Each structure stands twice: as C-alpha cells, then as structure tokens.
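Please look over the sequence and the structure below before reading the briefing. The points after it are grouped by topic.

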Amino acid sequence: MYNLEELKSILVVEVAERLGIKVTKNKAMCFNNHDKKTPSLSFNTKENYWYCFGCNEGGNPIQLVQKVLRINFVDACHWLSKEFSITSGYSKDRSLTFNMNQFIQGHKSISEKIDRANPHIEVYEWLVNYCTLDTNAYKYLVKDRKFNKEVIMHFNVKSIENPTQVFHKAKSVWGIDRLLKCGLAKISDRDTPVFIWTSPVILFPFYNLDNRIEYLQGRQIGDREPRYINLNGIRTHIYSINVLNQIGKNDFLYICEGITDVLSAYQMGIKAIGILGANNFKDEWVYYFTNYRIRIIPDSDKGGNEFAINVQNAFRKIGKPVQIIKLKDAKDLTEYRVRRCV
Ligand SMILES: [Zn+2]
C-alpha cells in the first residue's frame, strides 16, 4: 500500500521538475509537445495540481507522473515513492519525516504569500475551474466573433449558463460573506445578497504576473445591457498582464481597450494587454511597460481618442514616447480582424 495522501502532497512543481519539465513562474511547455511558443502547462501551487490548457487535462502529482511517463496508477505511485523516498504507511525514518515537513512547509509558505497578496485569488480560481465553456458562449465567440479554439483556450475563457445554480454552489463552498468581500455578490435593492451576474455571461479571467487569477469580468451573452459586468467594488486590473512573461526587452507591446481586442491581437500574432474603460489607465502602470515599445490601438470613436490620449499622457510623464495606431474602416481591432478574416 502507498500512502496516497503523502504522494499527492509532494509539491507538483517538484514532481514536474523531477520528470524533466522546465518550470518557469509556474508555467511550462506541455509534455505532449503541442506548445510552439507559449507554455500551456500551468501549476497551481496552492491547490497542488497541474493543468494543461492545450490538452484540457490536469490533476494531482500522481496523475502528472502517469501522463508524462505513460504508466498506470500503481506504477506512478511506485515511481513517486522511490523518487521522493517515501515509504508506505507511517514512517519512523527521521530523515524522511524531515523531507516531508520541508515539502509541506514550502507549500505553505508559497500559498501564504499569495493569500496575503490577494485573498480573493482562491475564490476566483475556484469559480473558473468550476465553470466550463457552454455552447451558447462558444457559439458567440467562434461563430460571431470568429475566434479560434486555441485563442479561447489560451485565455481560459469560461461561461456561466445558469447563474442561479453557480451562485448556489459558490455560497455552499465559500459562504456569502466571502462572496460579498471578493465582489462576486452584492446587496440588492431588496437588501438581500445576490450574485453579480443574473443572466448568462462569458467569464474572462485576468491572470497576474504569477499566472494567478486576480480579477474576473463577465460579458452578457446576446445584446443585453450592460454588456460587461465587473466585480462589485473591486479595483479593475490589467487584462492579460502575464503576457509580459512572454516578451523580451524592446519588443512591441500593444495596449488595447477591453478584452476581446486582446484576444483578437493574440489571434493576429500580436502581444497585447487590455485596459477596461477609457479613463482607467493608472499612471503607475507605466512602470510595468518601460522595457517595451508601446503601441496603443484605441477604438475608432470619441472614447477611443480619449483613451489613447490618457495612456499617452501617462507615458509622457516618464518621458517615454508611444505610438498610436489608428484603425482604418473598423470600429475596433476585433472588427478589423473579422473583416480581414484573420
Ligand atoms: Zn498539453
């Protein structure tokens, strides 16, 4: 018999590295070799699991060993026990106990650090993992907006088809106080706590530089207004800021308005981040981008002009020139791309 709990609690990143996978900032090129440029394999150090957005597969450390080495469960347990010198059942071996404690300590300190930074992350990640991408949302993205599957998976786009059911589940897992604190619930006009999304939405997770989900935005499916619904009372974040992990000094970085243009940019082979709202670019954000050549792609309307000038002014304060790209005969980058069938 193997001590499964012990095997499952070996740090998944350590297991990956022992399997020869090179992990950088909790990301790696997938062991199935489908990654050409961007890594799809990611590691959740808090929950200790792995997930590949390309293969749509994930699991605990034992399952990682099974997949990478293409062996069965028992063989994977055997491999792990040997690699990490874990004997079956309880062990009186001191050095072993010491090792395990180190693993657990390491695990804890990582998750505590993250929790201090943003305690809402675990709730957002739970929600995104819990949700799938339903047919209507998929149809909207693929048929109407002509996004390809790889783009949708890269940004881990999900949807909430049945808000009542999801809210019910979220309450049972986190409790209503927690949901109110992290902006997923609000107090209604009738003084009762309600879900912020009351009709079906497409769910866009915002990954931070550690590839953790720090913010969420819902886009109502169809023509319902308002189209975009943000978390209640939580400061918005930059969409797709983790793209900075994939670009080098002096590379071009595009700044778009909103989320779908960032997806469009990606589909066109352009690295972009998204800002929600014309006046939302914070001056201090320029420090993320000092190493790159900046190009702004505003929407072709009054709001877009305002947006471009705001961003340009923020960079001007630190003496950094930026370029503004005006789109010809398209209201935004997504329309531009769809017209050109990219
Ligand atoms: Zn994969």
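How many aromatic pairs does the count come to? The count comes to 16 aromatic pairs, where rings of Phe, Tyr and Trp (its six-membered ring) pair if their centres lie within 6.5 Å. This is a predicted model, in which local features need pLDDT of at least 70 and side-chain atom pairs count only at pLDDT 80 or more, while totals for chains, interfaces and linings use all residues. Residues are numbered from 1 along each chain as its sequence is written, and side-chain values use heavy atoms, with hydrogens and water left out.

**Aromatic rings**

- Phe155, Phe206, Tyr215, Tyr239 and Tyr266 are linked into a cluster by ring pairs.
- Arg18 has its charged end over the ring of Phe84, 4.3 Å from the ring's centre, and Arg295 lies over the face of Phe252, at 3.7 Å from the ring centre; a charge sits over a ring if NZ of Lys or CZ of Arg is within 6 Å of the ring centre and within 35 degrees of the ring normal.

**The zinc site**

- The zinc ion has as its protein donors Cys30 (SG), His34 (NE2), Cys52 (SG) and Cys55 (SG), which lie 2.0 to 2.2 Å from the ion; donors are N, O and S atoms within 2.8 Å of the metal (3.2 Å for Na, K and Ca), and water is not among the atoms, so sites may look incomplete.
- Because the four donor atoms subtend angles of 101 to 116 degrees around the zinc ion, the arrangement is tetrahedral, a term that requires all angles between four donors to lie between 85 and 135 degrees.
- Cys30 lies in the loop between β1 (27-28) and β2 (41-44) while Cys52 is in strand β3 (residues 49-52), so this pair ties together parts that are 22 residues apart in sequence; helices (H or I, at least four residues) and strands (E, at least two) are DSSP runs, numbered from the N terminus.
- Cys30 counts as buried because its relative accessibility is 3%, and Cys52 is buried too, with a relative accessible area of 1%; buried means under 20% relative accessible area, exposed over 50%, and partly exposed in between (1.4 Å probe, protein chains only).

**Strands β11 and β12**

- Strand β11 (residues 252-257) pairs with β12 in the parallel sense over four bridges, where pairing requires that DSSP finds at least two bridges between two strands.
- In strand β12 (residues 272-275), Ala272 and Gly274 point one way and Ile273 and Ile275 the other way, and all are buried.
- Opposite Gly274 in β12 stands Cys256.

Conventions
Four donors count as tetrahedral if all angles lie between 85 and 135 degrees; four count as square planar and six as octahedral if opposite donors are over 155 degrees apart and all others between 65 and 115; anything else is irregular. Rings of Phe, Tyr and Trp (its six-membered ring) pair if their centres lie within 6.5 Å; planes under 30 degrees apart count as stacked, over 60 as edge-to-face and the rest as tilted.
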